[in-house]
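I opened my notebook to look up ring pairs, charges over rings and helix packing. Come along as I go through them one by one.

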Amino acid sequence: MRIGQRTITFKLKEKTYSVVSTTLFCMILFGFFAIRPSLLTLIALRTELAELKQIDRALTRKIDDIVLTKANYIENASIIYNLEQSLPELNIEAEALNFLSNTARNFNVVITNATYSGFTPLGENLKQRTARLTLSGTYKDLMALIEEFEQSSRVLQLQNLSISSNTGVSKNKMTITADITLFYFKELQYE
Amino acid sequence: MSLRDHIINLIPERSLEEYTTSRKIYLWSIGIGRLMIILTELTAVSVWLSRFQLDHQITTTSKSIEQKIEDLKPYYEFEKLFRHEESKLAAFYELNKSKIIYTKLIKEVSNTISFDTVINTLSVSNGKLNLTTKLPSALSFAIMLEGFKKKDLFESLVISSATADAQTGEYTISLSLTPNENWIKQ
């Protein structure tokens, strides 16, 4: 039984050896020089198409989004305007003086002295400048003014504040010194 | 020779290995070789045909992209403006988040100290509150500290200086106070 099996296996091997080796050689040759370039071209084209379709879908989404955004932007123009007022851009030089003096006037406080520092950059988009103010008024008015500055929608930060009871210019009036940092946003540059 | 002498034999007389090399190549070529060539040609032709469809799809998609880019051009300035406003809004929120307010704390300090205590100077600098008070007695100072503690106004309190007037019995005390964050954050 074993001898018979071995004989059959040997004969099969002997018969198919040259056929199989020739077939394999030709398959490698054809596969490398004929099938491979064709398939590579096909894969490259399909990849390119997939990428282009992805770009196309992204652009479609972008158009939809931008149209919707523009409609919302126009609808919320008042909010945008308030934002402009809260964080103005650098081209408005007199804005700080106007804002501070108008607010002080509303609270019966007199700005007796005001000095402004130059602009210093703060991060990529912001710039800041500090106003040193000497304010004169009653304690109540001064505190109300300081509170107004703190609660103001205009973005600012009260850095230093000095209240002294014995520096009053007249009866019931006092003087305080305040360092207020005002923030500005970078100007939009159109090409 | 009669018909009976003609024997039809469908089994090959010899096995493949018994043929000459040229015969072997010939037999292989008209058998497996033919099939391989047909398969290769079929692959190449099907790829070549599918290229037409793919090229067409690529051209159509490219044209669609070009058209959409053209459609987006009028929105370019708006997009720039919108991005600008978007980053401005982010900066606005960030600045407001880190904003420190002092009036609430100052008012609370004024309300906490007793009526017989006089604030000489009050200043706020680098997130610290410096206070110089004139107190009629040590008890007033204790009441003031108790009030600060009860309202949890400050995280730390440092007595910078303390002087007592022997004639009037008044105390002048300077304090450096670190406010509790709850009182200075919006």
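**Ring pairs.** Before looking at clusters I wrote down what a pair is: rings of Phe, Tyr and Trp (its six-membered ring) pair if their centres lie within 6.5 Å. I also noted that I am working with a predicted model.

How many aromatic pairs does the structure hold over all chains? I found nine. I started with A:Phe32 and A:Phe33, whose ring centres are 5.2 Å apart with the planes at 80°. Planes over 60 degrees apart count as edge-to-face, so this pair is edge-to-face. I then checked how open the two residues are: A:Phe32 is partly exposed at 46% relative accessible area, while A:Phe33 counts as exposed at 61%.

**Across the chains.** My next entry is A:Tyr73 with B:Phe78, an edge-to-face pair at 5.3 Å centre to centre and 85° between the planes. I looked up where each partner sits: A:Tyr73 belongs to helix α1 (residues 2-75) of chain A, and B:Phe78 to helix α2 (residues 76-97) of chain B, so the pair crosses between chains.

Are these two residues buried or exposed? A:Tyr73 has a relative accessible area of 16% and B:Phe78 has 9%. Buried means under 20%, so I wrote down both as buried.

I followed the ring pairs onward and reached B:Phe82, which they link with A:Tyr73 and B:Phe78 into a cluster.

**Charges over rings.** I came back to B:Phe78 and saw the charged end of A:Lys70 over its ring, 5.6 Å from the centre. In chain A I noted A:Arg129 over the face of A:Phe119, at 4.5 Å from the ring centre.

**Helix packing.** I reminded myself that two packed helices are described by the angle between their axes and the distance between the axes.

In chain A, I looked up helix α3 (residues 95-106) and helix α4 (residues 139-151), which pack at about 135° with their axes 10 Å apart. That angle makes α3(A) oblique to α4(A), and the crossing is right-handed. Where α3(A) meets α4(A), I listed A:Phe99, A:Leu100, A:Thr103 and A:Ala104 against A:Leu145, A:Glu148 and A:Phe149.

In chain B, helix α3 (residues 103-112) and helix α4 (residues 138-151) pack at an angle of about 135°, and their axes are 9 Å apart. I entered α3(B) and α4(B) as oblique to each other, with a right-handed crossing. Among the residues making this contact are B:Val109 of α3(B) and B:Phe148 of α4(B).

Key: Residues numbered from 1 in each chain as written. Chains lettered and ligands numbered in written order. Predicted model: local features only at pLDDT ≥ 70, side-chain atom pairs only at ≥ 80, totals over all residues. Heavy atoms only, no water. Phe/Tyr/Trp six-rings, centres within 6.5 Å; stacked < 30°, edge-to-face > 60°. Buried < 20%, exposed > 50% of the residue type's maximum accessible area, 1.4 Å probe, protein only. Helix = DSSP H or I, 4+ residues; strand = E, 2+ residues; numbered from the N terminus. Lys NZ or Arg CZ within 6 Å of the ring centre and 35° of its normal. Axes fitted to C-alpha atoms, helices over the stretch in contact; angles between N-to-C directions. Parallel < 35°, antiparallel > 145°, perpendicular 65-115°, else oblique. Left-handed = near helix turned anticlockwise from the far one by under 90°. Contact = heavy atoms within 4.5 Å.
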